[in-house]
Amino acid sequence: MTLQRVSFLDFPWVLDYILATRFNCSLKQIRHAVCSIVLTLRTILSAAVELGILVSQDGDAIDGAVSAKPFIDNMIHVITECLQNFPLCLDSEFFHSFLEPLPSHLRFLCGNFHPLTHMKFEDSAKEKAFEAQTRAITQALSELPSQCSNLEVYMGAQEPVLKQIQLIKEHLRAPLWMLMHDFRSLHREERALVEDVREAVRIATELHAQEVRSCGGGSGPVPTPLWPQLMGETLLLLLPLWKLSALAVAKGQDAFMRMVAAPPLDANLGAQRLLHRLIEVLLSEKEDFLDIVSWFAAEPSSAALLSSGEAVEFLLPEGANDDEFMQFRKDGLLCVQENIPQLQAHLIRLSKQLRALVTEHWRKVVEEVHLYLQLYLRVIEAFLDVQKEVRTFVHNHLFIEVTLGLPLMTWLGMEGGKPSVCASWHRRVPGWLI
């Protein structure tokens with residue numbers, strides 16, 4: 001049995017495909033009946049659009065040109081609504097939501113179409129075109145009742161299959177929906193953290209300006225200092241390391257240290273101690289961000305070990321997207337290593353009073369990072385539960401081995417090595433998952 005790795009965000013579509021592969025042969029008559037109805041509705045829609053064009057060219061319609069447009073728009077709207085949200089694999093819930101309203105939609109279409117049959121155009125070519133479209137709509141409307149009846153008959157015959165498909169989707173809907181909700185919560189927390197960093201940068205800049213003025217710098221504009229922006233940029237760049245530190249603690253530092261000591265990393269005892277200390281510095285409630293900067297200035301090598309490909313693979317769930325950490329190894333770590341000496345040079349020149357005020361504000365940001373990490377770990381834990389449930393359920397009911405992959409868990413992109421908000425994660429989910 002072949003193992004398929006599927007990103008969590010792609011799984012709803014993949015599940016529809018799996019169900020379609022498994023059940024569509026049994027639903028052949030139903031699919032043909034649905035296709036007939038859809039084609040008929042599209043015929044009406046196409047003709048209604050043409051009628052709308054003729055009426056909008058207006059001018060020479062003898063009567064009803066202006067009043068006819070709302071009737072045409074109503075027809076277009078109701079057909080468009082009918083043709084939305086078709087799943088790849090049809091199920092019982094879809095058929096009831098699609099078939100049951102059709103009689104009322106048919107009455108609505110007939111009610112809006114009837115006034116159009118009384119329109120006349122002075123231009124013979126337009127009149128001929130108008131009559132051709134109304135004939136097409138009349139013929140299509142006359143076919144819909146029998147097509148709906150056929151679909152209802154076929155549905156009755158295949159009700160057990162439709163219910164089985166529906167039960168599979170319903171079983172997986174709740175855990176998938178809850179996990180999607182968790183991801184959105186994490187996204188909101190990350191955005192809030194970015195805003196906290198921006199606010200800390202703003203406050204540090206203002207405190208610097210106040211000190212310059214109090215020291216005789218005058219009342220005019222003070223040049224914007226570089227170091228507050230460097231602090232904010234560096235903190236956001238370090239988020240992948242914070243995540244890996246939290247994952248190492250959650251998974252067990254003893255097991256993690258055994259892994260880095262073994263080939264291919266072969267970390268010696270000194271490297272292991274430094275790695276352990278890095279994790280402590282990043283997760284300690286007593287350390288502030290200036291302490292973290294000082295640590296990186298003194299000992300930059302352990303960050304490379306913690307973010308190595310082997311460490312990331314060990315710490316992340318199976319099949320996880322590791323682009324965030326690969327990008328950190330490629331660009332982020334280099335930026336941090338460039339920023340730290342510049343930042344350290346600025347920080348050691350701060351007055352004791354300004355340093356204390358800055359430390360107080362940035363300690364609060366680090367506390368927010370720790371709260372964000374707690375949510376991050378809860379989302380990872382919830383994902384592992386869903387991953388296990390989906391794998392077991394799909395194996396037992398569809399006889400396929402599927403492993404859900406953790407999607408990208410950050411909405412910060414990397415442009416030129418600097419954090420920037422990335423909007424590409426958002427996707428529209430299938431109707432059955434909502």
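**A walk through the predicted model**

Strands S1 (residues 3-7) and S2 run parallel and are joined by five bridges. The model is predicted. Within the pair, Leu-3 stands opposite Glu-401 of S2. Strand S2 covers residues 401-405, and four of its five residues are buried, so the strand is mostly covered.

Next come the helix packings around H15. Helix H15 takes in residues 323-347. Helix H12 (residues 289-298) packs against H15 at an angle of about 125°, and the two axes are 10 Å apart. That angle makes H12 oblique to H15. The crossing of the two is left-handed. On the H12 side, the contacts come from Leu-290, Val-293, Ser-294, Phe-296 and Ala-297. They meet Ile-340, Leu-343, Gln-344 and Leu-347 of H15.

Helix H8 (residues 227-237) also packs against H15. Here the angle is about 145°, with the axes 9 Å apart. H8 passes H15 in a left-handed crossing. From H8, the residues in contact are Trp-227, Leu-230, Met-231, Glu-233, Thr-234 and Leu-237. Their partners in H15 include Phe-328, Gly-332, Cys-335, Val-336 and Asn-339. Ile-340, Leu-343 and Leu-347 are also among the H15 residues that meet H8. Those three appear in the contacts with H12 as well.

H15 also takes part in a salt bridge. Glu-324 and Lys-243 meet through their side chains, at 2.8 Å from N to O. This pair links distant parts of the chain: Glu-324 sits in H15, Lys-243 in helix H9 (residues 239-251), and their positions lie 81 residues apart in the count. Are the two residues buried or exposed? Both Glu-324 and Lys-243 are buried.

Ser-307 brings the reader back to H15 from another side. Ser-307 lies in the loop between helix H13 (301-306) and helix H14 (309-315). Its relative accessible area is 1%, so Ser-307 is buried. What does Ser-307 contact, leaving aside neighbours within four places in sequence? The contacts are Leu-241, Leu-244, Val-312, Phe-328, Arg-329 and Leu-333. One of them, Phe-328, is also among the H15 residues that meet H8.

Now the other salt bridges. The structure holds 10 of them. Side chains of opposite charge can pair when their charged atoms come close. Lys-69 and Asp-73 form one such bridge, at 3.0 Å from N to O. The two are four residues apart in helix H3 (residues 65-82), which means that about one helical turn separates them. How accessible are these side chains' residues? Lys-69 has 30% relative accessibility and so counts as partly exposed. Asp-73 has a relative accessible area of 35%, so Asp-73 is partly exposed.

Pro-70 is found in helix H3 too. At 44% relative accessibility, Pro-70 counts as partly exposed. Its C-alpha atom is separated by 8.7 Å from that of Asn-112, a residue 42 places away along the chain.

Helix H7 (residues 159-217) holds another bridge of this local kind: Glu-195 and Arg-198 are three residues apart there, about one turn of the helix. Their side chains meet at 2.5 Å from N to O. Glu-195 counts as partly exposed because its relative accessibility is 43%. Arg-198, at 46%, counts as partly exposed.

There is also a salt-bridge network. Which residues does the network link? They are Arg-5, Glu-318 and Arg-391.

The last stop is Val-379, in helix H16 (residues 352-398). Buried or exposed? Val-379 has 1% relative accessibility, so Val-379 counts as buried. Not counting residues up to four places away in sequence, Val-379 touches Leu-179, Asp-182, Phe-183, Leu-186 and Met-409. Met-180 is 199 residues from Val-379 along the chain, yet 9.7 Å separates their C-alpha atoms.

Definitions and conventions:
Residues are numbered from 1 along each chain as its sequence is written. This is a predicted model: local features need pLDDT of at least 70, side-chain atom pairs count only at pLDDT 80 or more; totals for chains, interfaces and linings use all residues. Side-chain values use heavy atoms; hydrogens and water are left out. Buried means under 20% relative accessible area, exposed over 50%, partly exposed in between (1.4 Å probe, protein chains only). Contact means heavy atoms within 4.5 Å. A salt bridge is a side-chain nitrogen of Lys or Arg within 4 Å of a carboxyl oxygen of Asp or Glu. Two strands pair if DSSP finds at least two bridges between them. Axes are lines fitted to C-alpha atoms, for helices over the stretch in contact, and angles run from 0 to 180 degrees between N-to-C directions. Angles under 35 degrees count as roughly parallel, over 145 as roughly antiparallel, 65 to 115 as roughly perpendicular and the rest as oblique. A crossing is left-handed if the near helix is turned anticlockwise from the far one by less than a right angle, and right-handed if clockwise.
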